[in-house]
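Here is a short briefing to read alongside the model. Have the viewer open and follow the topics in whichever order suits you.

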Amino acid sequence: DMSNVWRGDGVGTSMKTGGSSGLNFPMAGMWTGAGFSVVGQWTYMYSSTASGENAWRRCLAAIYSTVGRYDTFPRNYGFSVRCVKNN
């Protein structure tokens with residue numbers, strides 16, 4: 001099962017600011033409803049798929065080189081989104 005795991009050694013690093021992928025995700029943290037949390041340490045991106053009352057997300061951590069795939073936070077948390085322009 002590839003859920004709720006960290007994987008892809010080096011892939012997370014390539015997705016962060018200054019990484020080789022060009023995505024440049026900053027460690028933006030998340031909004032919990034009570035305020036921002038873990039800014040500068042983590043970033044979370046919504047997936048388009050729900051998991052019951054929770055949301056599938058991808059996680060990047062300043063201290064990890066991998067990418068997390070988790071569904072353990074409720075959908076009402078505020079994560080980053082990536083907008084893609086159609087040509």
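**Rings, patches and cysteines**

Phe36 counts as exposed, because its relative accessibility is 62%. Phe36 belongs to strand β3, residues 36-37. Please keep in mind that this is a predicted model. The points below start from the surface around Phe36 and then turn to the aromatic pairs, the charges over rings, the cysteines and a few backbone details.

**Nonpolar surface patch**
- Together with Trp31 and Val39, Phe36 forms a nonpolar patch on the surface.
- The accessible area of these three residues adds up to about 340 Å².

**Aromatic pairs**
- A pair of aromatic rings is described by the distance of the centres and the angle of the planes.
- There are eleven aromatic pairs in the structure.
- One of them joins Trp42 and Tyr64, an edge-to-face pair with 5.9 Å from centre to centre and 90° between the planes.
- This pair links distant parts of the chain, 22 residues apart: Trp42 is in strand β4 (residues 42-51), while Tyr64 is in the loop between β5 (54-61) and β6 (67-70).
- Both partners are partly exposed, Trp42 with a relative accessible area of 21% and Tyr64 at 34% relative accessibility.
- Tyr46 and Phe79 make a tilted pair, because their planes are at 45°, and their ring centres are 4.5 Å apart.
- Tyr46 lies in strand β4 and Phe79 in the segment after β6, so this pair ties together parts that are 33 residues apart in sequence.
- How do the two partners differ in cover, buried or exposed in part? Tyr46 is partly exposed at 29% relative accessibility, whereas Phe79 is buried with a relative accessible area of 10%.
- Ring pairs also build a cluster out of Trp6, Trp42, Tyr44, Tyr46, Tyr64, Tyr70, Phe73, Tyr77 and Phe79.

**Charges over rings**
- Arg57 places its charged end over the ring of Phe73, 3.8 Å from the ring centre.
- Phe73 is also one of the residues in the aromatic cluster.
- Over the ring of Trp56 sits the charged end of Arg69, 4.1 Å from the centre of that ring.

**Cysteines**
- A disulfide is a covalent bond between the sulfur atoms of two cysteines.
- How many disulfides does the structure have? The count comes to zero.
- Why is Cys59 without a bond? The closest cysteine sulfur, in Cys83, is 19 Å from the sulfur of Cys59, which is too far for a bond, given a cut-off of 2.5 Å.
- Cys83 is likewise in no disulfide, with the sulfur of Cys59 as its nearest cysteine sulfur.
- Cys59 is buried at 2% relative accessibility, but Cys83 is exposed at 72%.

**A contact across the sequence**
- Arg82 is located in the segment after β6, and with 54% relative accessibility this residue counts as exposed.
- Between the C-alpha atoms of Arg82 and Met45 there are 7.5 Å, although the two residues are 37 apart along the chain.

**Positive phi angles**
- Most residues other than glycine have a negative phi.
- Asn4, which is not a glycine, has a positive phi near 55°.
- Asn4 sits in the segment before β1 (5-7) and is partly exposed, with a relative accessible area of 32%.
- Asn24 also has a positive phi, about 55°, without being a glycine.
- You will find Asn24 in the loop between α1 (11-15) and β2 (30-31), partly exposed with a relative accessible area of 37%.

Notes
Residues numbered from 1 in each chain as written. Predicted model: local features only at pLDDT ≥ 70, side-chain atom pairs only at ≥ 80, totals over all residues. Heavy atoms only, no water. Phe/Tyr/Trp six-rings, centres within 6.5 Å; stacked < 30°, edge-to-face > 60°. Helix = DSSP H or I, 4+ residues; strand = E, 2+ residues; numbered from the N terminus. Buried < 20%, exposed > 50% of the residue type's maximum accessible area, 1.4 Å probe, protein only. Lys NZ or Arg CZ within 6 Å of the ring centre and 35° of its normal. Patch = residues over 30% accessible without salt bridge, like charges linked within 9 Å, V, L, I, M, F, W, Y side chains within 5 Å. Areas by Shrake-Rupley, 256 points an atom, 1.4 Å probe, with all protein chains shown as cover. Salt bridge = Lys/Arg side-chain N within 4 Å of Asp/Glu carboxyl O.
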